[in-house]
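Reader: I have the sequence and the coordinates open. Let us go through a few residues, one at a time.

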Amino acid sequence: MPVRKERNRVLRELAAEKNLAFRAAMAGKRLSVVTLHEPGAALSGNYLKVELAAPRQPNLLLDVEIGGVSGDGVREAASHGALPLL
C-alpha cells in the first residue's frame with residue numbers, strides 16, 4: 001500500500017506540473033472561447049477555463065488573447081486603452 005500511495009502522489013504532482021506548464025505556454029496566444037453563464041468566465045476549445053478581463057454575455061464565441069495563468073485556468077490579457085462598446 002505505501003508504494004502505491006507514493007506512486008499516486010508522484011503522478012499527481014507530475015500532472016499538476018504539466019498542467020501548469022501547458023497553461024503558462026498559452027500566454028500571448030489567441031484562443032477561441034465561448035462565454036459561460038458564470039460572469040467573467042469562458043471555456044476555450046481545448047477546455048481551459050478562461051478568466052475574462054471584463055464580463056460579457058453568455059454563449060458568445062470570441063477570440064481572446066491570453067495574458068497569463070490564473071488559479072485553475074488562464075486569464076485574458078487586459079485590453080490597453082480600449083473603450084467599452086456602447
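Reader: Where does N59 lie?
Author: This is a predicted model. N59 is not part of a strand here; N59 sits in the loop between β3 and β4 (61-69).

Reader: Is N59 buried or exposed?
Author: The cut-off for exposed is over 50% relative accessible area. N59 has 57%, so N59 counts as exposed.

Reader: What is the phi of N59?
Author: N59 is not a glycine. Even so, its phi is positive, at about 65°.

Reader: Where is Y47 found, and what is its phi?
Author: Y47 is in the loop between β2 (41-44) and β3 (49-51). Y47 is a residue other than glycine, yet its phi is positive. The value is near 65°.

Reader: Is Y47 buried or exposed?
Author: Exposed requires over 50% relative accessible area. Y47 has 68%, so the label for Y47 is exposed.

Reader: Is T35 buried or exposed?
Author: T35 belongs to strand β1 (residues 30-35). Buried means under 20% relative accessible area. T35 has 1%, so T35 is buried.

Reader: Which backbone atoms does the side chain of T35 reach?
Author: One is the backbone nitrogen of L60, at 2.8 Å. The other atom named is the backbone oxygen of Q57, at 2.5 Å.

Reader: Which residues does T35 touch, not counting residues up to four places away in sequence?
Author: Q57 and L60, reached by the T35 side chain, are among them. So is N59, the exposed loop residue. The full list is A41, A42, L52, R56, Q57, P58, N59, L60 and L62.

Definitions and conventions:
Residues are numbered from 1 along each chain as its sequence is written. This is a predicted model: local features need pLDDT of at least 70, side-chain atom pairs count only at pLDDT 80 or more; totals for chains, interfaces and linings use all residues. Side-chain values use heavy atoms; hydrogens and water are left out. Helices (H or I, at least four residues) and strands (E, at least two) are DSSP runs, numbered from the N terminus. Buried means under 20% relative accessible area, exposed over 50%, partly exposed in between (1.4 Å probe, protein chains only). A polar contact is a pair of N or O atoms within 3.5 Å; within protein, one must be able to donate a hydrogen and the other to accept it, and residues adjacent in sequence count only if both atoms are side-chain atoms. Contact means heavy atoms within 4.5 Å.
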